[in-house]
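Ready for a few warm-up exercises? Keep the viewer open, try each task yourself, and then walk through the solution.

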Amino acid sequence: MAPSSPDQKAVVIGSGIGGMTAAITLAKSGYQVTLAEKSRLAGGLMRSYVRRGFDCEVGIHYLGALGPDQPLRRIFDFLGILPKIPLEPMGAGGVVDRYYLEDFSFDLPVGLDAFAGRLRAAFPSEPKPVAEVLEIIRLAAARLCSPDTLSGRSMIFDLKKDLHPLTKFLKEINCSDRLRQVLSVITAWVGIPPDKCPLYLWSTALASYLLSSWRISCSGARLAEVCAERFRELGGTILTGDEAVRLNVENKKVRGVILKSGLELPAPLVVAAVHPKIVTALIPEGSCLPEYRSKIQSLEETSGVVCLHAVLPEPDHGPVPYNIFSLRVENEDLADVSFIQLKPSGKPSWNILTVIKPSGFSQWRQWENTISGRRGPAYEDAKNREAEQMLGESRKYLGPCPNARVLDVYTPLSLRDLAGSPRGSAYGIMRSVKQKFRTAALHRTPIRGLHVVGQSVMAPGILGTALGTLRTLVPVIGPDKFDHW
Ligand SMILES: Cc1cc2nc3c(=O)[nH]c(=O)nc-3n(C[C@H](O)[C@H](O)[C@H](O)COP(=O)(O)OP(=O)(O)OC[C@H]3O[C@@H](n4cnc5c(N)ncnc54)[C@H](O)[C@@H]3O)c2cc1C
(Lines give C-alpha, C1' and ligand atoms only; values in the text may rest on other atoms or scores of the structure.)
Protein backbone atom coordinates (compact mmCIF):
# COMPACT_ATOMS: atom_id res chain seq x y z
CA MET A 1 0.00 0.00 0.00
CA ALA A 2 1.09 3.59 -0.57
CA PRO A 3 2.89 5.16 2.41
CA SER A 4 0.65 6.46 5.20
CA SER A 5 3.22 9.04 6.25
CA PRO A 6 5.47 10.97 3.89
CA ASP A 7 8.62 9.53 5.43
CA GLN A 8 7.72 5.85 5.25
CA LYS A 9 10.85 3.97 4.38
CA ALA A 10 11.68 1.48 1.67
CA VAL A 11 14.95 -0.24 0.80
CA VAL A 12 15.84 -1.48 -2.67
CA ILE A 13 18.65 -4.02 -3.01
CA GLY A 14 20.57 -3.94 -6.31
CA SER A 15 20.87 -1.08 -8.80
CA GLY A 16 20.42 -2.72 -12.23
CA ILE A 17 17.45 -1.62 -14.36
CA GLY A 18 15.16 -3.59 -12.01
CA GLY A 19 16.46 -1.84 -8.88
CA MET A 20 16.49 1.60 -10.54
CA THR A 21 12.94 1.14 -11.83
CA ALA A 22 11.77 0.12 -8.34
CA ALA A 23 13.70 2.87 -6.55
CA ILE A 24 12.46 5.69 -8.83
CA THR A 25 8.86 4.41 -8.75
CA LEU A 26 8.80 4.17 -4.94
CA ALA A 27 10.45 7.59 -4.55
CA LYS A 28 7.88 9.09 -6.95
CA SER A 29 5.15 7.57 -4.78
CA GLY A 30 6.35 9.31 -1.63
CA TYR A 31 8.58 6.68 -0.03
CA GLN A 32 11.90 7.62 1.49
CA VAL A 33 14.04 5.14 -0.43
CA THR A 34 17.56 3.86 0.14
CA LEU A 35 19.14 1.81 -2.62
CA ALA A 36 21.96 -0.56 -1.59
CA GLU A 37 24.39 -1.77 -4.26
CA LYS A 38 27.29 -4.11 -3.61
CA SER A 39 29.45 -2.84 -6.50
CA ARG A 40 31.43 0.37 -6.34
CA LEU A 41 29.33 1.84 -9.15
CA ALA A 42 25.57 1.68 -9.62
CA GLY A 43 23.92 0.25 -12.76
CA GLY A 44 24.36 -3.55 -12.74
CA LEU A 45 24.37 -5.06 -16.23
CA MET A 46 23.29 -1.80 -17.89
CA ARG A 47 26.59 -0.14 -16.93
CA SER A 48 29.40 -0.33 -19.48
CA TYR A 49 33.05 -0.57 -18.42
CA VAL A 50 36.17 1.03 -19.89
CA ARG A 51 39.17 -0.78 -21.41
CA ARG A 52 42.06 1.18 -22.96
CA GLY A 53 39.81 4.23 -23.02
CA PHE A 54 36.97 2.50 -24.90
CA ASP A 55 33.48 1.94 -23.51
CA CYS A 56 32.51 -1.74 -23.52
CA GLU A 57 28.80 -2.47 -23.16
CA VAL A 58 27.57 -5.40 -21.10
CA GLY A 59 23.79 -5.74 -20.99
CA ILE A 60 22.46 -3.23 -23.55
CA HIS A 61 23.26 -3.64 -27.24
CA TYR A 62 19.91 -2.61 -28.59
CA LEU A 63 16.43 -2.00 -27.27
CA GLY A 64 12.97 -2.75 -28.59
CA ALA A 65 9.58 -1.04 -28.26
CA LEU A 66 10.77 2.52 -27.68
CA GLY A 67 8.55 4.15 -30.31
CA PRO A 68 5.58 6.39 -29.45
CA ASP A 69 2.91 4.52 -27.42
CA GLN A 70 5.20 1.53 -27.12
CA PRO A 71 5.88 0.00 -23.72
CA LEU A 72 9.56 0.81 -23.11
CA ARG A 73 8.96 4.45 -24.07
CA ARG A 74 6.02 4.53 -21.63
CA ILE A 75 8.26 3.13 -18.90
CA PHE A 76 11.17 5.55 -19.54
CA ASP A 77 8.64 8.39 -19.70
CA PHE A 78 7.01 7.32 -16.45
CA LEU A 79 10.41 7.12 -14.76
CA GLY A 80 11.27 10.59 -16.11
CA ILE A 81 14.49 9.51 -17.84
CA LEU A 82 13.48 9.58 -21.52
CA PRO A 83 14.68 13.11 -22.47
CA LYS A 84 18.16 12.39 -21.10
CA ILE A 85 18.78 9.24 -23.12
CA PRO A 86 20.04 9.85 -26.66
CA LEU A 87 18.47 7.24 -28.91
CA GLU A 88 19.10 6.22 -32.52
CA PRO A 89 16.45 4.25 -34.41
CA MET A 90 17.78 1.14 -36.13
CA GLY A 91 16.67 -0.30 -39.45
CA ALA A 92 17.02 2.84 -41.57
CA GLY A 93 18.53 0.68 -44.33
CA GLY A 94 15.71 -1.83 -43.92
CA VAL A 95 17.61 -4.24 -41.64
CA VAL A 96 17.80 -4.46 -37.85
CA ASP A 97 19.24 -7.97 -37.58
CA ARG A 98 20.83 -10.10 -40.30
CA TYR A 99 20.75 -13.84 -39.63
CA TYR A 100 23.38 -16.01 -41.34
CA LEU A 101 23.00 -19.73 -41.77
CA GLU A 102 25.56 -21.56 -43.90
CA ASP A 103 23.93 -21.01 -47.30
CA PHE A 104 21.14 -18.64 -46.38
CA SER A 105 20.55 -15.24 -44.81
CA PHE A 106 17.44 -13.52 -43.51
CA ASP A 107 16.98 -9.83 -42.71
CA LEU A 108 14.79 -8.82 -39.79
CA PRO A 109 13.27 -5.43 -40.62
CA VAL A 110 11.47 -2.87 -38.46
CA GLY A 111 7.70 -3.14 -38.41
CA LEU A 112 5.26 -6.00 -38.44
CA ASP A 113 4.14 -5.39 -42.02
CA ALA A 114 7.70 -5.35 -43.30
CA PHE A 115 8.38 -8.57 -41.36
CA ALA A 116 5.29 -10.18 -42.89
CA GLY A 117 6.55 -9.20 -46.36
CA ARG A 118 10.05 -10.60 -45.70
CA LEU A 119 8.72 -13.89 -44.36
CA ARG A 120 6.37 -14.33 -47.31
CA ALA A 121 9.17 -13.54 -49.78
CA ALA A 122 11.71 -15.83 -48.10
CA PHE A 123 9.27 -18.72 -47.59
CA PRO A 124 6.87 -18.51 -50.57
CA SER A 125 5.83 -22.17 -50.32
CA GLU A 126 4.68 -21.82 -46.68
CA PRO A 127 1.84 -19.28 -46.68
CA LYS A 128 -0.19 -21.08 -44.00
CA PRO A 129 2.50 -21.45 -41.31
CA VAL A 130 3.68 -17.90 -42.03
CA ALA A 131 0.12 -16.58 -41.58
CA GLU A 132 -0.29 -18.44 -38.27
CA VAL A 133 3.00 -17.15 -36.95
CA LEU A 134 2.18 -13.59 -37.96
CA GLU A 135 -1.15 -13.74 -36.19
CA ILE A 136 0.53 -14.68 -32.92
CA ILE A 137 3.17 -11.98 -33.25
CA ARG A 138 0.55 -9.33 -34.04
CA LEU A 139 -1.38 -10.37 -30.94
CA ALA A 140 1.78 -10.20 -28.83
CA ALA A 141 2.52 -6.71 -30.20
CA ALA A 142 -1.02 -5.54 -29.43
CA ARG A 143 -0.80 -6.94 -25.91
CA LEU A 144 2.54 -5.23 -25.36
CA CYS A 145 1.21 -1.86 -26.49
CA SER A 146 -2.03 -2.05 -24.55
CA PRO A 147 -2.20 0.18 -21.45
CA ASP A 148 -3.30 -3.01 -19.64
CA THR A 149 0.21 -4.46 -19.99
CA LEU A 150 1.04 -2.95 -16.66
CA SER A 151 -1.70 -4.76 -14.79
CA GLY A 152 -0.86 -7.97 -16.60
CA ARG A 153 -4.44 -8.28 -17.87
CA SER A 154 -3.46 -7.87 -21.50
CA MET A 155 -0.73 -10.49 -21.29
CA ILE A 156 -2.92 -13.55 -21.16
CA PHE A 157 -5.21 -14.48 -24.01
CA ASP A 158 -4.97 -18.24 -24.08
CA LEU A 159 -2.90 -19.70 -21.31
CA LYS A 160 -2.72 -23.16 -22.86
CA LYS A 161 -1.38 -21.77 -26.13
CA ASP A 162 0.85 -19.19 -24.44
CA LEU A 163 2.74 -21.86 -22.51
CA HIS A 164 3.19 -24.20 -25.48
CA PRO A 165 6.86 -24.87 -26.42
CA LEU A 166 7.97 -22.95 -29.51
CA THR A 167 9.57 -25.85 -31.44
CA LYS A 168 6.54 -28.10 -30.88
CA PHE A 169 4.18 -25.35 -32.04
CA LEU A 170 6.22 -24.59 -35.18
CA LYS A 171 6.34 -28.29 -36.05
CA GLU A 172 2.61 -28.65 -35.46
CA ILE A 173 1.85 -25.89 -37.94
CA ASN A 174 4.19 -27.57 -40.46
CA CYS A 175 6.96 -25.00 -40.66
CA SER A 176 9.95 -26.14 -42.68
CA ASP A 177 13.18 -26.62 -40.73
CA ARG A 178 14.61 -23.43 -42.24
CA LEU A 179 11.59 -21.30 -41.28
CA ARG A 180 11.69 -22.80 -37.80
CA GLN A 181 15.39 -21.96 -37.44
CA VAL A 182 14.84 -18.35 -38.54
CA LEU A 183 11.89 -17.86 -36.20
CA SER A 184 13.75 -19.37 -33.25
CA VAL A 185 16.72 -16.95 -33.23
CA ILE A 186 15.15 -14.51 -30.79
CA THR A 187 15.01 -17.20 -28.06
CA ALA A 188 18.74 -16.53 -27.60
CA TRP A 189 17.81 -13.14 -26.08
CA VAL A 190 15.74 -14.78 -23.37
CA GLY A 191 18.29 -17.54 -22.80
CA ILE A 192 15.91 -20.43 -23.46
CA PRO A 193 16.46 -23.15 -26.09
CA PRO A 194 13.60 -23.09 -28.67
CA ASP A 195 12.23 -26.48 -27.58
CA LYS A 196 11.81 -25.17 -24.02
CA CYS A 197 10.72 -21.61 -24.78
CA PRO A 198 7.04 -20.81 -24.12
CA LEU A 199 5.21 -19.26 -27.02
CA TYR A 200 4.28 -16.10 -25.09
CA LEU A 201 7.89 -15.27 -24.21
CA TRP A 202 9.11 -15.88 -27.76
CA SER A 203 6.31 -13.87 -29.39
CA THR A 204 6.66 -10.99 -26.92
CA ALA A 205 10.44 -10.78 -27.36
CA LEU A 206 10.18 -10.86 -31.17
CA ALA A 207 7.26 -8.40 -31.22
CA SER A 208 9.17 -5.94 -29.01
CA TYR A 209 12.04 -5.65 -31.52
CA LEU A 210 9.70 -5.61 -34.52
CA LEU A 211 7.68 -2.74 -33.04
CA SER A 212 10.84 -0.65 -33.19
CA SER A 213 14.56 -1.16 -32.52
CA TRP A 214 16.99 1.36 -31.08
CA ARG A 215 20.57 1.79 -30.07
CA ILE A 216 21.43 4.19 -27.32
CA SER A 217 24.01 6.63 -28.60
CA CYS A 218 25.53 7.22 -25.18
CA SER A 219 27.34 4.61 -23.10
CA GLY A 220 25.57 2.28 -20.69
CA ALA A 221 27.45 4.10 -17.94
CA ARG A 222 25.57 7.28 -18.91
CA LEU A 223 22.25 5.42 -18.78
CA ALA A 224 23.07 4.18 -15.28
CA GLU A 225 23.98 7.75 -14.27
CA VAL A 226 20.74 9.14 -15.73
CA CYS A 227 18.74 6.67 -13.60
CA ALA A 228 20.83 7.47 -10.51
CA GLU A 229 20.45 11.26 -11.05
CA ARG A 230 16.69 10.93 -11.45
CA PHE A 231 16.44 8.87 -8.25
CA ARG A 232 18.52 11.39 -6.30
CA GLU A 233 16.39 14.27 -7.68
CA LEU A 234 13.41 12.52 -6.10
CA GLY A 235 15.20 12.48 -2.72
CA GLY A 236 16.55 8.92 -2.87
CA THR A 237 19.86 7.78 -1.36
CA ILE A 238 22.28 5.39 -3.07
CA LEU A 239 24.79 3.43 -1.00
CA THR A 240 27.37 1.75 -3.25
CA GLY A 241 30.15 -0.68 -2.33
CA ASP A 242 28.05 -2.15 0.47
CA GLU A 243 26.36 -5.49 0.04
CA ALA A 244 23.08 -6.58 1.62
CA VAL A 245 24.03 -9.59 3.75
CA ARG A 246 20.87 -10.24 5.76
CA LEU A 247 17.25 -9.25 6.04
CA ASN A 248 15.85 -8.34 9.39
CA VAL A 249 12.67 -10.40 9.73
CA GLU A 250 10.27 -10.56 12.71
CA ASN A 251 7.10 -12.65 12.78
CA LYS A 252 7.38 -13.25 9.03
CA LYS A 253 7.44 -9.48 8.34
CA VAL A 254 10.46 -7.72 6.95
CA ARG A 255 11.88 -5.01 9.24
CA GLY A 256 14.89 -3.91 7.23
CA VAL A 257 18.20 -4.81 5.64
CA ILE A 258 21.64 -5.31 7.16
CA LEU A 259 24.65 -4.39 5.03
CA LYS A 260 28.15 -5.88 5.06
CA SER A 261 29.52 -2.74 6.71
CA GLY A 262 27.17 -3.41 9.65
CA LEU A 263 24.85 -0.56 8.70
CA GLU A 264 21.18 -1.36 9.37
CA LEU A 265 18.50 0.08 7.13
CA PRO A 266 15.13 -0.24 8.89
CA ALA A 267 12.13 -0.41 6.53
CA PRO A 268 8.79 -2.23 6.39
CA LEU A 269 9.11 -2.51 2.60
CA VAL A 270 12.10 -4.14 0.89
CA VAL A 271 12.36 -4.69 -2.85
CA ALA A 272 15.14 -7.12 -3.74
CA ALA A 273 16.20 -6.45 -7.33
CA VAL A 274 18.72 -9.27 -7.34
CA HIS A 275 18.69 -12.91 -8.39
CA PRO A 276 16.03 -14.86 -6.39
CA LYS A 277 18.71 -17.31 -5.15
CA ILE A 278 20.53 -14.37 -3.55
CA VAL A 279 17.28 -13.29 -1.90
CA THR A 280 16.76 -16.68 -0.24
CA ALA A 281 20.30 -16.51 1.12
CA LEU A 282 19.45 -13.15 2.79
CA ILE A 283 16.43 -14.56 4.65
CA PRO A 284 17.46 -15.62 8.18
CA GLU A 285 17.27 -19.30 9.10
CA GLY A 286 13.85 -20.21 10.47
CA SER A 287 12.06 -17.20 8.92
CA CYS A 288 10.61 -19.18 6.02
CA LEU A 289 9.84 -22.80 5.30
CA PRO A 290 12.80 -24.82 4.01
CA GLU A 291 10.60 -25.83 1.04
CA TYR A 292 10.60 -22.22 -0.22
CA ARG A 293 14.38 -22.06 -0.08
CA SER A 294 14.89 -25.45 -1.74
CA LYS A 295 12.33 -24.68 -4.47
CA ILE A 296 14.17 -21.49 -5.45
CA GLN A 297 17.63 -23.03 -5.14
CA SER A 298 16.70 -25.95 -7.41
CA LEU A 299 15.50 -23.79 -10.33
CA GLU A 300 17.44 -24.18 -13.58
CA GLU A 301 19.45 -21.15 -14.76
CA THR A 302 19.89 -19.76 -18.26
CA SER A 303 23.34 -20.34 -19.77
CA GLY A 304 26.29 -18.01 -19.34
CA VAL A 305 27.93 -16.16 -22.20
CA VAL A 306 31.44 -15.28 -23.25
CA CYS A 307 31.89 -11.84 -24.81
CA LEU A 308 34.69 -10.28 -26.84
CA HIS A 309 35.26 -6.54 -27.20
CA ALA A 310 37.78 -5.38 -29.80
CA VAL A 311 38.38 -2.19 -31.75
CA LEU A 312 38.84 -2.11 -35.53
CA PRO A 313 40.34 0.89 -37.34
CA GLU A 314 37.83 2.85 -39.45
CA PRO A 315 39.72 2.61 -42.77
CA ASP A 316 39.55 -1.20 -42.58
CA HIS A 317 35.96 -1.48 -41.34
CA GLY A 318 33.10 1.00 -41.32
CA PRO A 319 30.35 0.47 -38.75
CA VAL A 320 27.64 -2.06 -39.63
CA PRO A 321 24.18 -0.50 -39.19
CA TYR A 322 22.55 -3.81 -38.22
CA ASN A 323 23.33 -6.66 -35.83
CA ILE A 324 24.68 -9.92 -37.21
CA PHE A 325 23.53 -13.27 -35.86
CA SER A 326 25.67 -16.24 -36.83
CA LEU A 327 23.61 -19.41 -36.51
CA ARG A 328 24.73 -23.00 -36.04
CA VAL A 329 22.32 -25.81 -36.74
CA GLU A 330 22.54 -29.35 -35.39
CA ASN A 331 20.10 -32.11 -36.42
CA GLU A 332 17.95 -29.46 -38.12
CA ASP A 333 17.54 -27.56 -34.83
CA LEU A 334 19.06 -24.20 -34.00
CA ALA A 335 21.96 -25.13 -31.71
CA ASP A 336 23.93 -21.91 -31.16
CA VAL A 337 23.52 -18.23 -31.87
CA SER A 338 26.47 -15.81 -31.83
CA PHE A 339 25.75 -12.08 -31.80
CA ILE A 340 28.11 -9.71 -33.66
CA GLN A 341 27.85 -5.93 -33.56
CA LEU A 342 30.25 -3.39 -35.10
CA LYS A 343 29.39 0.20 -34.20
CA PRO A 344 31.14 3.54 -33.67
CA SER A 345 33.27 3.42 -30.54
CA GLY A 346 32.76 7.06 -29.62
CA LYS A 347 36.41 7.76 -30.51
CA PRO A 348 37.41 9.00 -33.97
CA SER A 349 38.78 6.39 -36.40
CA TRP A 350 37.83 3.34 -34.35
CA ASN A 351 34.76 1.12 -34.38
CA ILE A 352 34.02 -1.28 -31.59
CA LEU A 353 33.30 -4.94 -32.22
CA THR A 354 31.21 -6.95 -29.76
CA VAL A 355 30.79 -10.70 -30.12
CA ILE A 356 28.65 -12.68 -27.67
CA LYS A 357 28.17 -16.43 -27.68
CA PRO A 358 26.77 -18.91 -25.16
CA SER A 359 29.24 -20.48 -22.76
CA GLY A 360 28.44 -22.94 -19.99
CA PHE A 361 29.73 -22.44 -16.46
CA SER A 362 31.43 -25.86 -16.53
CA GLN A 363 33.97 -24.54 -19.05
CA TRP A 364 35.18 -22.01 -16.45
CA ARG A 365 34.56 -24.02 -13.31
CA GLN A 366 38.25 -24.64 -12.51
CA TRP A 367 38.61 -20.90 -11.76
CA GLU A 368 35.37 -20.53 -9.81
CA ASN A 369 37.12 -19.97 -6.48
CA THR A 370 39.58 -17.41 -7.81
CA ILE A 371 39.27 -13.65 -7.64
CA SER A 372 38.68 -11.46 -10.68
CA GLY A 373 41.97 -10.03 -11.99
CA ARG A 374 43.94 -12.82 -10.26
CA ARG A 375 42.79 -15.89 -12.13
CA GLY A 376 46.23 -16.59 -13.57
CA PRO A 377 47.78 -17.32 -16.98
CA ALA A 378 45.75 -20.46 -17.77
CA TYR A 379 42.52 -18.42 -17.51
CA GLU A 380 44.02 -15.68 -19.70
CA ASP A 381 45.02 -18.34 -22.26
CA ALA A 382 41.48 -19.75 -22.26
CA LYS A 383 40.09 -16.25 -22.84
CA ASN A 384 42.61 -15.61 -25.64
CA ARG A 385 41.50 -18.79 -27.38
CA GLU A 386 37.89 -17.62 -27.16
CA ALA A 387 38.94 -14.22 -28.55
CA GLU A 388 40.65 -15.87 -31.54
CA GLN A 389 37.63 -18.06 -32.21
CA MET A 390 35.21 -15.10 -32.00
CA LEU A 391 37.41 -12.91 -34.23
CA GLY A 392 37.49 -15.80 -36.72
CA GLU A 393 33.68 -15.97 -36.62
CA SER A 394 33.46 -12.21 -37.25
CA ARG A 395 35.85 -12.38 -40.21
CA LYS A 396 33.34 -14.60 -42.02
CA TYR A 397 30.97 -11.62 -42.21
CA LEU A 398 33.23 -8.56 -41.91
CA GLY A 399 36.20 -9.70 -43.96
CA PRO A 400 39.80 -9.72 -42.69
CA CYS A 401 40.47 -7.86 -39.42
CA PRO A 402 44.30 -7.64 -39.48
CA ASN A 403 44.46 -4.58 -37.25
CA ALA A 404 41.90 -5.62 -34.66
CA ARG A 405 42.92 -4.80 -31.11
CA VAL A 406 41.34 -6.99 -28.48
CA LEU A 407 40.18 -4.93 -25.50
CA ASP A 408 38.68 -7.56 -23.26
CA VAL A 409 36.97 -10.93 -23.01
CA TYR A 410 34.51 -11.56 -20.22
CA THR A 411 33.16 -14.92 -19.13
CA PRO A 412 30.35 -16.38 -16.99
CA LEU A 413 32.66 -15.84 -13.99
CA SER A 414 32.73 -12.09 -14.75
CA LEU A 415 28.92 -12.06 -14.92
CA ARG A 416 28.71 -13.96 -11.66
CA ASP A 417 30.97 -11.41 -9.98
CA LEU A 418 29.38 -8.35 -11.62
CA ALA A 419 25.70 -9.17 -11.28
CA GLY A 420 25.73 -11.82 -8.58
CA SER A 421 24.24 -14.26 -11.05
CA PRO A 422 24.68 -17.82 -9.76
CA ARG A 423 26.82 -19.90 -12.16
CA GLY A 424 27.25 -16.79 -14.31
CA SER A 425 23.84 -17.15 -15.94
CA ALA A 426 23.26 -14.29 -18.35
CA TYR A 427 19.47 -14.00 -18.14
CA GLY A 428 18.72 -15.32 -14.65
CA ILE A 429 16.37 -18.20 -13.93
CA MET A 430 15.18 -20.01 -17.03
CA ARG A 431 11.47 -19.35 -17.51
CA SER A 432 11.11 -22.49 -19.57
CA VAL A 433 8.00 -24.51 -20.28
CA LYS A 434 9.31 -27.15 -17.86
CA GLN A 435 9.59 -24.62 -15.04
CA LYS A 436 6.40 -22.73 -15.94
CA PHE A 437 4.58 -23.30 -12.65
CA ARG A 438 7.65 -23.07 -10.42
CA THR A 439 8.59 -19.67 -11.91
CA ALA A 440 5.06 -18.27 -12.06
CA ALA A 441 5.22 -16.15 -8.89
CA LEU A 442 8.89 -15.50 -8.19
CA HIS A 443 8.08 -11.90 -7.21
CA ARG A 444 6.19 -13.17 -4.14
CA THR A 445 7.94 -14.31 -0.99
CA PRO A 446 6.69 -15.83 2.26
CA ILE A 447 7.92 -12.69 4.11
CA ARG A 448 5.44 -9.83 4.33
CA GLY A 449 6.83 -6.58 2.89
CA LEU A 450 9.55 -8.40 0.88
CA HIS A 451 9.16 -8.37 -2.92
CA VAL A 452 11.50 -9.73 -5.57
CA VAL A 453 12.01 -8.01 -8.94
CA GLY A 454 14.74 -8.23 -11.62
CA GLN A 455 15.19 -10.19 -14.82
CA SER A 456 14.21 -13.61 -13.41
CA VAL A 457 10.77 -12.45 -12.36
CA MET A 458 8.88 -11.86 -15.61
CA ALA A 459 11.28 -11.76 -18.56
CA PRO A 460 14.90 -10.74 -19.15
CA GLY A 461 15.96 -7.69 -21.16
CA ILE A 462 15.61 -4.05 -20.24
CA LEU A 463 11.93 -4.09 -21.22
CA GLY A 464 11.10 -7.41 -19.54
CA THR A 465 12.92 -6.48 -16.33
CA ALA A 466 11.47 -2.97 -16.04
CA LEU A 467 7.95 -4.12 -16.91
CA GLY A 468 8.12 -7.04 -14.46
CA THR A 469 9.29 -4.63 -11.76
CA LEU A 470 6.43 -2.19 -12.33
CA ARG A 471 3.89 -4.99 -12.41
CA THR A 472 5.19 -6.25 -9.07
CA LEU A 473 4.84 -2.77 -7.60
CA VAL A 474 1.30 -2.01 -8.85
CA PRO A 475 -0.42 -3.88 -5.99
CA VAL A 476 2.20 -2.66 -3.49
CA ILE A 477 1.81 1.08 -4.07
CA GLY A 478 -1.64 1.12 -5.67
CA PRO A 479 -2.78 1.36 -9.29
CA ASP A 480 -3.65 5.07 -8.88
CA LYS A 481 0.08 5.84 -8.95
CA PHE A 482 0.08 4.75 -12.57
CA ASP A 483 -2.85 6.92 -13.66
CA HIS A 484 -0.80 8.70 -16.32
CA TRP A 485 0.66 5.50 -17.65
C1 LIG B 1 25.70 -10.15 -22.36
C2 LIG B 1 24.31 -9.61 -22.22
C3 LIG B 1 23.77 -8.86 -23.24
C4 LIG B 1 22.48 -8.32 -23.11
N5 LIG B 1 21.99 -7.54 -24.11
C6 LIG B 1 20.77 -6.97 -23.97
C7 LIG B 1 20.27 -6.08 -24.96
O8 LIG B 1 20.91 -5.81 -25.98
N9 LIG B 1 19.03 -5.54 -24.77
C10 LIG B 1 18.29 -5.81 -23.66
O11 LIG B 1 17.17 -5.29 -23.53
N12 LIG B 1 18.76 -6.65 -22.70
C13 LIG B 1 19.97 -7.23 -22.82
N14 LIG B 1 20.45 -8.05 -21.86
C15 LIG B 1 19.61 -8.36 -20.68
C16 LIG B 1 19.56 -7.21 -19.68
O17 LIG B 1 20.82 -6.59 -19.60
C18 LIG B 1 19.17 -7.75 -18.30
O19 LIG B 1 18.00 -8.54 -18.43
C20 LIG B 1 18.90 -6.66 -17.28
O21 LIG B 1 19.89 -5.66 -17.34
C22 LIG B 1 18.88 -7.27 -15.88
O23 LIG B 1 18.66 -6.26 -14.92
P24 LIG B 1 18.49 -6.63 -13.38
O25 LIG B 1 18.15 -5.37 -12.67
O26 LIG B 1 17.59 -7.79 -13.21
O27 LIG B 1 19.90 -7.19 -12.89
P28 LIG B 1 21.37 -6.60 -12.84
O29 LIG B 1 21.59 -5.56 -13.86
O30 LIG B 1 22.24 -7.81 -12.84
O31 LIG B 1 21.45 -5.90 -11.41
C32 LIG B 1 21.58 -6.60 -10.21
C33 LIG B 1 22.39 -5.71 -9.29
O34 LIG B 1 22.31 -6.23 -7.96
C35 LIG B 1 23.58 -6.09 -7.34
N36 LIG B 1 23.62 -7.03 -6.22
C37 LIG B 1 23.68 -8.39 -6.26
N38 LIG B 1 23.68 -8.88 -5.00
C39 LIG B 1 23.61 -7.83 -4.16
C40 LIG B 1 23.56 -7.70 -2.74
N41 LIG B 1 23.59 -8.78 -1.93
N42 LIG B 1 23.51 -6.46 -2.20
C43 LIG B 1 23.47 -5.36 -3.01
N44 LIG B 1 23.53 -5.43 -4.36
C45 LIG B 1 23.58 -6.65 -4.92
C46 LIG B 1 24.56 -6.39 -8.47
O47 LIG B 1 25.84 -5.87 -8.15
C48 LIG B 1 23.88 -5.66 -9.63
O49 LIG B 1 24.29 -4.33 -9.71
C50 LIG B 1 21.73 -8.58 -21.94
C51 LIG B 1 22.28 -9.34 -20.91
C52 LIG B 1 23.55 -9.85 -21.03
C53 LIG B 1 24.14 -10.66 -19.91
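**Exercise 1. Find out which strands cover the buried residues of helix H13, and list those buried residues.**

Step 1. The cover of the buried residues of H13 includes strand E15 (304-313), strand E18 (350-359) and strand E19 (405-410). Contact here asks for C-beta atoms, placed from the backbone, within 7 Å of each other; helices (H or I, at least four residues) and strands (E, at least two) are DSSP runs, numbered from the N terminus.

Step 2. Before going on, a word on the model: it is predicted, so local features need pLDDT of at least 70 and side-chain atom pairs count only at pLDDT 80 or more, while totals for chains, interfaces and linings use all residues. Residue numbers start from 1 along each chain as its sequence is written.

Step 3. H13 spans residues 412-419, and seven of its eight residues are buried. The cut-offs are 20 or more other C-beta atoms within 10 Å of a residue's own for buried, 12 or fewer for exposed, and partly exposed in between, again with C-beta atoms placed from the backbone.

Step 4. The buried residues are Pro412, Leu413, Ser414, Leu415, Arg416, Leu418 and Ala419. After H13 comes Gly420, with a positive phi near 70 degrees.

**Exercise 2. Trace the strand pairings that start from E7.**

Step 1. Take E8 (residues 104-108): five bridges join it to E7 (residues 97-101), and the two run antiparallel. Pairing requires that DSSP finds at least two bridges between two strands.

Step 2. Within this pair, Arg98 sits opposite Asp107 of E8. Two residues lie between E7 and E8, which form a hairpin.

Step 3. Now turn to E16 (residues 323-330), which runs parallel to E7 and is joined to it by four bridges. Tyr100 has Ser326 of E16 as its bridge partner.

Step 4. Continue to E17 (residues 333-344), paired with E16 in the antiparallel sense over seven bridges. Glu330 faces Asp333 of E17, and in the two-residue turn of this hairpin Asn331 has a positive phi of about 50 degrees.

**Exercise 3. Decide how helices H4 and H8 are oriented to each other, and describe their contact.**

Step 1. H4 (residues 127-145) and H8 (residues 199-211) pack at about 75 degrees, with axes 8 Å apart. Axes are lines fitted to C-alpha atoms, for helices over the stretch in contact, and angles run from 0 to 180 degrees between N-to-C directions.

Step 2. H4 is therefore roughly perpendicular to H8; the classes are under 35 degrees for roughly parallel, over 145 for roughly antiparallel, 65 to 115 for roughly perpendicular, and oblique for the rest.

Step 3. H4 contributes Ile136, Ile137, Ala140, Ala141 and Leu144, while the H8 side includes Leu199, Ser203 and Thr204.

Step 4. Sorted by class, the contact has ten nonpolar, three polar and no charged residues. Nonpolar covers Ala, Val, Leu, Ile, Met, Phe, Trp, Tyr, Cys and Pro; charged covers Asp, Glu, Lys and Arg; the others, Gly among them, are polar.

**Exercise 4. Which strands stand at the edges of the sheet E5-E9-E6?**

Step 1. This is an open sheet of three strands with antiparallel pairing.

Step 2. E5 (63-64) and E6 (87-89) are the edge strands; each has a single partner strand, so one side of each lacks a neighbour in the sheet.

Step 3. E6 is joined to E9 (residues 213-216) by three bridges, with Glu88 opposite Arg215 of E9.

Definitions and conventions: Two residues are in contact if their C-beta atoms, placed from the backbone, lie within 7 Å.
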